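Colleague: I'm new to this model and would love a close look at just one part of it. Could you choose a part, walk me through its surroundings, and then place it in the whole?

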Amino acid sequence: MTETAEVVIVGAGIMGVSTAYHLARLGVGRVVVLERDTVCSGSTALASGGIRHQYANRLGIELTTHSIVTYERFREEFGVDPQFRQHGYLILIATDDELATARRSVSLQRNTDDLLGATYTPRDGYADPYLCATAIAARARDLGVEIKQQHEVSGFIRDGDRVRGVTTAAGAFEARAVVIATGAWSGVVGALAGVDIPVRPHRRHKFMTAPFPVDRIPAATPFVIDPHRNFSLRREGPGLLLGHGRRDEPDSFSTEIDRSLEPGVVERAIHRAPALADAKLMRAYAGLYEMTPDQTGIVSAVPGVAGLHVIAGFSGHGFMHGPIAGQLMAEMLVHGRAVTMDAAALDLARFARGEAHVEPLTFV
């Protein structure tokens, strides 16, 4: 059995459902999202939920400038409280290289004796990725988008240099445009279509503490990033959410918890917040960043393959930039170009042209 649609989107994480929502808002006909599992069952649900303006390159700042408005008005647009806590972002600076990067973006504030400074943005914060992604998916459905769960794409239908659909165990779906929005798996899915999408998986861990008193670590504590120690800390309900990983870890789709990281997480937490010596780790989980060579996302047509597009590779910033990225992808499909902002720096062909510029404020 073969079904037809105007646009088929592969993947129902933040990028896929955001693209679908914006396509529906722009009046596109039948939009079908195909998800191998359930809505927001991949990397989005496991994200820290951070939303920040602090980037070394103008592109990241501009993307957040657009996305943050969506999160600030989320309840009005989607009818759900996104749990957006605008307690700010505090990025610690411990090396001369980090200091030079920070000086290019914002002024510094003095901090502890083992730091050269820090950058702070009070409008930034964090929200609940699962609540947000599922709310966007629900509103997309209200606008007529069809989201088919348990529909894993197994292949692409090609006519020469054109993609005209995909295949699943439930049948084929033909469309004038197919969008790959499969996060860390986008390189694998791209290979099914015979194209190279330079996205690789990188495991990142989160550790949750048991409830911890707010008179010792305030509820309004900023989202703290310590790049030098590869560590992050923020409040999560009654406890705290601690982030850590191995920068040099080989590429893998494994989300198995590496318990050997726990002593280092505890040491880093106590070093930055001594009160946490009394905290207890309650649980842990691991998710996947979707890394590109320049640590910057892709929102683009695939060169040389008509009808195929990709929105992926935001290198740990996918939830943060999902609303604007989906809007840009929808504009490209409807208008032939991005309208809301210049998206040339997100073009997939930049890698072949040698025009990629690494975003250093990416914390893996």
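Modeller: Happy to! Two strands are said to pair if DSSP finds at least two bridges between them. Helices (H or I, at least four residues) and strands (E, at least two) are DSSP runs, numbered from the N terminus. What you see is a predicted model, in which local features need pLDDT of at least 70 and side-chain atom pairs count only at pLDDT 80 or more, while totals for chains, interfaces and linings use all residues. Residues are numbered from 1 along each chain as its sequence is written, and side-chain values use heavy atoms, with hydrogens and water left out.

My choice is strand β10, residues 171–180. Eight of its 10 residues are buried (under 20% relative accessible area; exposed is over 50% and partly exposed lies in between, with a 1.4 Å probe and protein chains only). That is why β10 is largely enclosed by the rest of the structure.

Now for its partners. Strand β1, residues 2–10, pairs with β10 in the parallel sense, over eight bridges. To find this pairing in the picture, look for Thr 4, whose bridge partner in β10 is Glu 174.

Strand β9, residues 162–168, runs antiparallel to β10, and four bridges join the two. Here Thr 167 stands opposite Ala 172 of β10. Follow the chain from β9 to β10 and you trace a hairpin, with two residues between the strands.

Strand β17, residues 308–312, is a parallel partner of β10, over three bridges. In this pairing, Val 179 has His 309 of β17 as its bridge partner.

Let's step back to the whole. Altogether, the protein has nine helices and 17 strands. Of its 364 residues, 56% count as buried. Contacts (heavy atoms within 4.5 Å) also reach far along the chain: among those between residues at least 6 apart in sequence, 73% join residues at least 24 apart.

As for overall dimensions, the C-alpha atoms fill a box of roughly 65 × 40 × 40 Å, taken along the principal axes. The radius of gyration, taken over C-alpha atoms, is 20 Å; this agrees with the value near 21 Å for a compact globule of 364 residues (2.2 Å times the number of residues to the power 0.38).
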